[in-house]
Amino acid sequence: MSEPLPQVVVIGGGIAGLAAAALLSGAVGGPARAVVTLLEASDRFGGKLRVGEVGGVQVDLGAEAMLARRPEAVDLAREVGLADFLEPPTTAKAAIWSRDALCPLPAGQLMGVPGDLAALAASGVVSAEGVRRAGREEPVEVGEDIAIGRYIEARLGREVLDRLVEPLLGGVYAGHADEISLGAAVPQLLPIARGGGSLVAGVHELVSRGSTAAAPAPVFQGLRGGVGTLPPALVAACERAGAQLHTHAPVQWLRRTPEGWQVRTAERTISADAVLLAVPAPVAARLLGDAAPGAAAELAAVEYASMALVTLAFRRADLPRPPSGSGFLVPPVDGRAVKASTFSSNKWGWLARSAPDTVVLRTSLGRHREEQALQLPDEELVARSLVDLGTAVGLTAVPYDTAVTRWTGGLPQYPVGHPQRVARIRAQAAQVGGLALAGAAFDGVGIPACIASARRAVNELLTPPLGASRPEGTMSA
Ligand SMILES: Cc1cc2nc3c(=O)[nH]c(=O)nc-3n(C[C@H](O)[C@H](O)[C@H](O)COP(=O)(O)OP(=O)(O)OC[C@H]3O[C@@H](n4cnc5c(N)ncnc54)[C@H](O)[C@@H]3O)c2cc1C
């Protein structure tokens, strides 16, 4: 007779928790490895992946694109039946709103670090002196890791930092280059930086490696209907595989027992062999205070940035000359209200096709430790977005509908020392037994990295196999 499967409770129904539930339940990636219960605090699954309607059009109100240069997100979408819905951006022509002009994002850059000085000069993002300074590539002592801002300023100069690296990092982390770790944010660059050779040449080589194929694969993929349609497809696949998924089920506390775990929600206590935490770090810190105080203290030290997305729906007839390209990023040094804008109807063909008479644009506002700007009422965030769009692209039309989506604690920050902190958290969790963590706080904030962290957590949890001293796994009301 085969061993009964272990009972695993997954806490958190964002992309990491859903991916973990799918892997454990056998919804994807092979046979079932556990009997799965997933508990999600809010009234919906998906976390930062969320679709909603603005002006009668379905759009993403959170994450909107999946990096396709790594396989995890695209593979997962295929495995839950969304292969036919994958769709790359129609245009990848992004700009930087720098020095009062919309300049093309220079070709050959990686997270704003230039790999081609001629392209940098042609873009106009930095001055001629800024290009000359970048070409000098002053030597920098890197050590084990270094803040990306400190490194780039010393190596390539302040202009490249302010006008390229800051806006790109702002787009991904909503953070500040002076604090974010080079090793955590752009790990490919750390060996080049440590090696002491030309950084620009190193970036050039990295970027050309990704684009030399006869038909280069798209860097990003979206999903027709929005990336926020991935969570419901995952939920359906998990439920078909027998997993039980609950919304409105915030976990209040966790207790390690000699047999396994007790997981308490407002309505019930669930016994389990193992728990997989896929919640933001402050929540994980609170839940692990008793069972793993060392890990809890490290988790509590992870800081988050908050941000707001403003989605604007215009009638196409009101925009005689709609802006072109996929959008723009804004160097914080220029002091604008918005840090980026996406021209969604240009970027996503599915959106333009589904609502040909509407033009959807979105802006994002807010960076780490600049939360006060987000305290403003919705109308003010809309008004400030429209002022910036007016200056940047000459937009004067009035939107017929708007939505402001606030993402409080939306993005974890990865300062110097973050990878070491993550290693300590994992080591302390491993000592507790039957405990693993996944999500954006660990190995990358992007959707593929969150899915990879879920896969890793599942493997950590099930090796060595659980189940030898399995408790009943019952639910008591
Ligand atoms: C505005 C925005 C735009 C982004 N855009 C992109 C993008 O285009 N591409 C990209 O790759 N990445 C993007 N990201 C990053 C990426 O979306 C996130 O890092 C990722 O989705 C986080 O997934 P997660 O599962 O780790 O966490 P979350 O999505 O935060 O999920 C955690 C879940 O845990 C639940 N929870 C909390 N407390 C409890 C509790 N006590 N009990 C039970 N459940 C609980 C929460 O309700 C939530 O559903 C974006 C992030 C933001 C904020």
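Around the ligand stand 34 residues, and Glu 40, Lys 48, Ala 65, Val 445 and Ile 447 come nearest. A residue is near if one of its heavy atoms lies within 4 Å of the molecule. This is a predicted model, where local features need pLDDT of at least 70 and side-chain atom pairs count only at pLDDT 80 or more, while totals for chains, interfaces and linings use all residues. Residues are numbered from 1 along each chain as its sequence is written, and side-chain values use heavy atoms, with hydrogens and water left out.

The table lists polar contacts of the ligand, a polar contact being a pair of N or O atoms within 3.5 Å.

| Ligand atom | Protein partner | Distance |
|---|---|---|
| nitrogen | polar backbone atom of Ala 41 | 3.1 Å |
| oxygen | side-chain N or O atom of Lys 48 | 2.6 Å |
| oxygen | polar backbone atom of Val 445 | 2.5 Å |

On its own, the ligand has 1,000 Å² of accessible area, and the protein covers 88% of that. Accessible areas come from the Shrake-Rupley method with a 1.4 Å probe.

Which elements give two or more residues to the shell around the ligand? They are helix H1 (15-25), strand E15 (304-315), strand E19 (401-412) and helix H17 (447-462). E19 gives the largest share, 3 residues. Helices (H or I, at least four residues) and strands (E, at least two) are DSSP runs, numbered from the N terminus.

By class, the shell holds 23 nonpolar, 8 polar and 3 charged residues. Ala, Val, Leu, Ile, Met, Phe, Trp, Tyr, Cys and Pro count as nonpolar; Asp, Glu, Lys and Arg count as charged; the others, Gly among them, count as polar.

The protein is divided into domain 1 (7-47 + 229-302 + 415-462), domain 2 (105-209) and domain 3 (304-412). These bounds come from an automatic or database domain assignment. Domain 1 and domain 3 each give at least three residues to the ligand shell.

The centres of domain 2 and domain 3, taken over C-alpha atoms, are 27 Å apart. Their contact (heavy atoms within 4.5 Å) takes 13 residues from domain 2 and 16 residues from domain 3. About 1,100 Å² is buried between domain 2 and domain 3, with 55% from carbon and sulfur atoms. Buried area is the accessible area (1.4 Å probe) that two parts lose on being put together, summed over both. On the domain 2 side, Arg 163, Ala 174 and His 176 supply 40% of the area buried against domain 3, more than any other three residues.

Note on methods. A polar contact is a pair of N or O atoms within 3.5 Å; within protein, one must be able to donate a hydrogen and the other to accept it, and residues adjacent in sequence count only if both atoms are side-chain atoms.
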